Structure formats: C-alpha cells, structure tokens
Amino acid sequence: MNFDKNSQIVIVGVGLIGGSYAMGLTRQGYRVSAIDTNPASIEFGLQQGLFAEGATKPEPALLAKADLLIMGLYPTAMLDWLRANQQHLRPGTLITDVSGVKSNIVDVAQDFLRPDLEFCASHPMAGTERSGIQNADCRIFANANFIITPTERNTPAGIAAVRRLAEILQFKTIRELDIHTHDHMIGFLSQLTHAIAVSLMTCNDDEELAAFTGDSFRDLTRIARINDVMWSELFLLNRDILIENIDCFSDELHRLRQLLQAQDREGLRHMFRKSTARRAQFDANK
C-alpha cells in the first residue's frame with residue numbers, strides 16, 4: 001500500500017484511542033472518516049474537526065473508499081464487525097487495529113478475511129484513565145510505544161504502511177514483535193499492573209481513606225479507574241499468561257512478607273536496592 005495524503009482512512013470505533021488517531025491524522029493533513037454506533041461521538045468528532053465524514057453504521061459507499069481501515073473496537077467486536085462487513089471493502093484495503101491482545105484474534109481474522117485484504121495488527125501503548133472521544137488527545141502518543149505484530153501472512157508493504165501510521169502519529173518508539181511475545185509482554189507490563197491497581201482499590205473499603213491518601217497511593221492506583229467491559233475482555237483473552245504473572249507477583253510479595261516476619265533488615269534492603277536499580281533502567285529509556 002502506498003500510504004500518503006491521498007489515502008482514504010476510515011476509523012471504526014472512535015473512543016479515546018480511535019478519536020486520538022483521528023485527531024492526529026487530521027492535524028497532519030490526512031483525510032479521515034469515522035464510523036461509530038454512538039451518534040454523539042460522531043457529532044462531537046465532526047464539530048471538533050477530528051474527521052471529515054462520519055456515519056453511525058457501516059455504509060458500503062464509505063467503506064469502499066478505504067485504503068486504510070483502522071479498527072478501534074474491542075477485540076471480539078472487531079472480529080464480528082469484520083466478518084459482517086468485509087464484503088464492502090475494496091481489494092487491497094489494509095486493515096490494522098488497536099487491540100491490547102493478539103493471540104486468538106489476529107490469526108482468526110487472517111483466517112476468515114478475503115485473500116485480497118491484508119490485516120497487519122498493531123498496538124498503541126498509550127491511553128489515559130478516561131475514555132471516550134471527548135477525551136481524545138493525540139499528544140498521548142508522544143512518549144508512547146507502538147508495537148506492530150506481523151505474521152507470515154503480512155507483506156513488507158503492509159508492515160511499512162503500519163509503521164508509517166505510527167510515525168505520522170509521532171509515537172516515541174516503534175517495534176515489531178511476534179504475537180506470542182507481545183501477549184507475554186503485555187500480560188506483565190499492562191495487564192498485571194492493572195490487576196494490582198484494581199486489587200489495591202478493592203482490598204480495603206474504609207471510606208475515610210480518600211481523606212488521608214498521599215501521592216504514592218494515587219500514583220499506584222491511577223489506572224484503577226478502569227473500563228470494565230474492555231478490560232474484562234482483555235484479561236480473559238490473555239487469561240493463562242496473566243495468571244502466570246499474578247502467581248509470579250504473589251510469590252515475590254510473599255517473599256517480602258517472609259523478610260518482614262523474620263525481621264530481616266538486610267534482606268529487605270537488598271530487595272529495595274534491586275528494585276531501585278531496575279527502575280533506573282526504565283528511567284534511562286524515557
């Protein structure tokens with residue numbers, strides 16, 4: 001695919017990420033159209049100039065123009081949508097997504113899609129604790145990672161076009177991972193951290209805590225303000241990997257408990273030094 005400013009881009013599902021994609025692409029001079037079942041989202045996007053054209057259903061004439069189709073739906077909803085509407089896409093259309101889980105999604109899509117369509121999956125590692133197009137902001141991509149998860153069915157041109165999309169949106173780093181490695185990485189870096197934040201918020205129901213909380217608790221639980229529909233789906237799709245990571249975290253927390261129980265000050269200090277050193281590696285990559 002020759003991805004340039006003459007390309008027709010259609011985004012299906014304009015929530016926070018889809019809306020932020022639309023904002024970033026439009027500001028860079030690309031023509032963007034949007035499809036979303038929520039009329040208020042389409043109206044808001046048109047009023048704010050996030051996209052040039054919008055619809056609340058998959059209009060065949062709109063889809064037939066797409067050179068690049070960006071799927072901003074939840075993973076299983078995306079599969080259902082593609083099954084129902086792929087016949088409206090013209091040959092050669094490139095499809096990508098924003099889904100946080102790839103196993104049992106990418107391979108399924110590539111199995112049922114027409115052979116003249118290409119699905120090259122990707123994952124923008126960006127977001128906020130707020131959802132909806134009203135909170136769209138393409139600046140969230142500036143310090144974020146973008147992961148492309150190609151398979152043997154993808155063409156060099158398709159992979160290059162998805163990389164170009166990330167460059168236009170000004171992601172800080174762009175990398176390629178196979179689907180399995182992606183899901184293992186996300187299971188630890190994203191899903192486990194959300195599971196910990198949720199558990200912190202649900203393990204103590206003292207209503208007075210909010211009046212006394214400090215920055216450490218606020219920082220740790222920022223992501224606990226969570227989209228229950230999306231995250232329950234992502235957790236279940238990546239269930240086995242997430243359980244492995246929860247067990248690993250539980251073992252390490254239990255080790256810390258044992259050090260406390262034994263009053264092992266040097267053991268605690270060693271654990272804290274190890275934590276500090278590993279955190280420094282993350283800070284160095286900012």
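In which helix does L259 lie? In this predicted model, L259 is found in helix α10, and the description that follows begins with that helix before turning to the nonpolar cores and to a patch on the surface.

Helix α10 comprises 23 residues, numbered 239–261. At 1.5 Å a residue, a helix of this number of residues should span 33 Å, and the C-alpha atoms at the two ends of α10 are 32 Å apart, so the computed span agrees with the expected one. Just after α10, Q263 adopts a positive phi of about 55°. Within the helix, I241, L242, N245 and L259 are buried, and the elements that cover these buried residues include α7, α9 (residues 228–237) and α11 (residues 265–284).

L259 may be considered in further detail. Its relative accessible area is 12%, and because buried means under 20%, L259 counts as buried. When the neighbours within four places in sequence are left aside, the residues in contact with L259 are D264, G267, L268 and M271. The C-alpha atom of L259 is separated by 47 Å from that of E167, a residue 92 places away along the chain.

The interior of the model can be described through its nonpolar cores. In soluble globular proteins, nonpolar side chains tend to be buried together. Here the largest nonpolar core has 38 residues, and those with the most contacts inside this core are Y21, L25, F51 and I70. Two or more residues are given to this core by each of the strands β1 (8–12), β2 (31–35), β4 (68–71) and β8 (145–149), and likewise by the helices α1 (16–27) and α6 (156–168). Another core, which lies apart from the largest one, has 23 residues, among them V12, L63, L69 and A109. For F51, once the neighbours within four places in sequence are left aside, the contacts include V14, A22, T26, V32, S33 and A34, and also S41, I42, G45, L46 and I133.

At the surface, M185, F188, L189 and F282 together make a nonpolar patch of about 390 Å². The largest share of this patch, 3 residues, comes from helix α7, which runs over residues 179–202. L189 is found in this helix, and with a relative accessible area of 38% L189 is partly exposed, whereas L259 of α10, at 12%, is buried. Helix α7 thus appears in two parts of this description, as it contributes to the nonpolar patch and is also among the elements that cover the buried residues of α10.

Terms used:
Residues numbered from 1 in each chain as written. Predicted model: local features only at pLDDT ≥ 70, side-chain atom pairs only at ≥ 80, totals over all residues. Heavy atoms only, no water. Patch = residues over 30% accessible without salt bridge, like charges linked within 9 Å, V, L, I, M, F, W, Y side chains within 5 Å. Areas by Shrake-Rupley, 256 points an atom, 1.4 Å probe, with all protein chains shown as cover. Salt bridge = Lys/Arg side-chain N within 4 Å of Asp/Glu carboxyl O. Helix = DSSP H or I, 4+ residues; strand = E, 2+ residues; numbered from the N terminus. Buried < 20%, exposed > 50% of the residue type's maximum accessible area, 1.4 Å probe, protein only. Core = buried A, V, L, I, M, F, W, Y, C linked by side-chain atoms within 4.5 Å. Contact = heavy atoms within 4.5 Å. Expected span 1.5 Å × (residues − 1).
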